[in-house]
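Please open the model in a viewer and keep the sequence panel in view. The tour below proceeds from one selection to the next.

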Amino acid sequence: MEIPYKPTLPATPVPIVIIGAGGIVGDAHLPAYKKAGFEVSGITNRTRARAEKLAAEWGISNVYDTVEEAVANSALNAVYDITIMPQQFVETLNKLPDGAGVLIQKPMGDYFWQSKEILDVCLRKNLTAAINCQLRFAPFVSAARYLIEQGLIGELYDMEVRVTLQTPWELFPHVIIHPRLEIQYHSIHYIDLMRSFLGDPRTVMAKTLKHPAKSLSSSRSTILFDYGDTMHAVINTNHDHSFGPHNQESFIKWEGTKGAIKARMGLLMDYPHGVPDKFEYCIIDDGKPPEWTEVKLEGSWFPDAFIGTMASLMRYKNGETDILPTSVEDVIKTMAVVESAYISSDTGGVVVSDRFEDKT
């Protein structure tokens, strides 16, 4: 079976100006743009030396000292790729030309009030703005979406994300100290993914937890979504499984009335080296025992999914499509679920009692 899973590239790519020069730029953004054939015309960073280093490595012609200088010297149709920390988004967005295209690194703010500020400035300046929720465009996710949209696994009734591994948070010095570490900077990917398949949940129940021997604000979470009485949607993450690779897991699973799909997210295992992804599906054939089929997919979450978010922004900005999947107007709903998860975690569940009223 042929499964289309690669992103549709813009007919007319436009130049990209990168604002920020953190590790993710060299690890994912620039490799993705090179693979897609996108031109990066300039880069700026508060510490110029970091921008110069990336410019030399990736052949970027222009290094700018400030955002204002980058804007003044860039093409009118350039799109801006913002890869700085969330607390700097509003200030930076205000410096961009009205009507510009912009791809903003996730999360869309550290707190929901910041998310609303970001949305407000994008609307006020008429920016064509998307959030880089790139997991939606990972090859194994796009392949799964195709199978589900074609009805090949029937009615979807179960979606699960499970991550059980050891995450080297020390590789992310600006993130490791965050008071909302696990959901805000990791499980947010899966929350956004759930929404992209299932829509907005009625309610969310969550608990995010610390490790007793670590100073991290949180490193394990369980998030359960309410989509009614047949859909089971759950995220389970454990970044503290430091017992070797034997029982580590990292997968997304979809189950339907006619079949199932399972995708291993190899990137997260033995990070940053990763292990190979794995994509397989099972379609029930009446009278035959279930049989799983593995499909080899080219590329992975990093860097290939980053092509998808930028390509969709360019195509929307160019008028080649009327859909911008990760628009700020859509992703603020992801941020609302994130905020609800933290409220649920803080307020707790129903107190167990032996004095419940008998309402039968």
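The crossing of helices H1 and H2 is right-handed. This is a predicted model, and residue numbers run from 1 along the chain as its sequence is written.

**First stop: H1 and H2**

Select residues 23–36, helix H1, together with residues 48–58, helix H2. Their axes approach to within 11 Å and cross at roughly 30°. An angle under 35 degrees counts as roughly parallel, so H1 is roughly parallel to H2. To display the contact, show Gly23, Val25, Gly26, Leu30, Pro31 and Lys34 on H1, and Arg50, Leu54 and Trp58 on H2. By class, this contact has five nonpolar, two polar and two charged residues.

**Second stop: the loops on either side of H5**

Move to the loop between strand S5 (101–104) and H5, where Pro107 is found. Select Lys106 with Pro107: a cis peptide bond joins the two, with omega of about 0°. Next, select Asn126, in the loop between H5 and strand S6 (128–131). Asn126 is not a glycine, yet its phi is positive, at about 55°.

**Third stop: H5 against H9**

Now select helix H5, residues 112–124, and add H9. How far apart are the axes of H5 and H9? The separation is 10 Å, and the two helices pack at an angle of about 170°. Angles over 145 degrees count as roughly antiparallel, which means that H5 is roughly antiparallel to H9. On H5, show Phe112, Ser115, Lys116, Leu119, Cys122 and Leu123; they meet Val328, Glu329, Ile332, Met335, Ala336 and Glu339 of H9. The residues of this contact divide into eight nonpolar, one polar and three charged.

**Fourth stop: H7 against H9**

Keep H9 (residues 328–347) selected and add helix H7, residues 181–198. The axes of H7 and H9 come within 9 Å and cross at roughly 125°. H7 is therefore oblique to H9, and their crossing is right-handed. From H7, the contact uses Leu181, Glu182, Ile183, Gln184, Ile188, Ile191, Asp192 and Arg195. From H9, the residues to show are Asp330, Val331, Lys333, Thr334, Met335, Val337, Val338, Ala341 and Tyr342. The contact of H7 with H9 comprises 10 nonpolar, two polar and five charged residues. Met335 of H9 deserves a separate label: it takes part in the contact with H7 and also in the contact with H5.

**Fifth stop: the second largest pocket**

Display the surface and select Arg136, Phe137, Ser142, Arg145 and Pro325, which are the closest to the centre of the second largest pocket among its 19 lining residues. The space in this pocket is about 540 Å³. Which elements give two or more residues to its lining? They are helix H6 (139–149) and helix H8 (305–317). The lining residues divide into eight nonpolar, six polar and five charged.

**Last stop: a cis bond at Pro272**

Finish in the loop between strand S12 (259–264) and strand S13 (278–283), where Pro272 is located. Select Tyr271 and Pro272 and inspect the backbone between them: the peptide bond is cis, with omega near 5°.

Technical notes
This is a predicted model: local features need pLDDT of at least 70, side-chain atom pairs count only at pLDDT 80 or more; totals for chains, interfaces and linings use all residues. Side-chain values use heavy atoms; hydrogens and water are left out. Axes are lines fitted to C-alpha atoms, for helices over the stretch in contact, and angles run from 0 to 180 degrees between N-to-C directions. Helices (H or I, at least four residues) and strands (E, at least two) are DSSP runs, numbered from the N terminus. Angles under 35 degrees count as roughly parallel, over 145 as roughly antiparallel, 65 to 115 as roughly perpendicular and the rest as oblique. A crossing is left-handed if the near helix is turned anticlockwise from the far one by less than a right angle, and right-handed if clockwise. Contact means heavy atoms within 4.5 Å. Ala, Val, Leu, Ile, Met, Phe, Trp, Tyr, Cys and Pro count as nonpolar, Asp, Glu, Lys and Arg as charged, and the others, Gly among them, as polar. On a 1 Å grid over the protein atoms alone, a cavity is a set of points where a 1.4 Å probe fits but cannot get out, and a pocket is an open set with protein on both sides within 12 Å along at least five of seven lines; lining residues have an atom within 4 Å of a point. Grid points are joined across faces, edges and corners, and a volume is the space filled by probe spheres set on the points.
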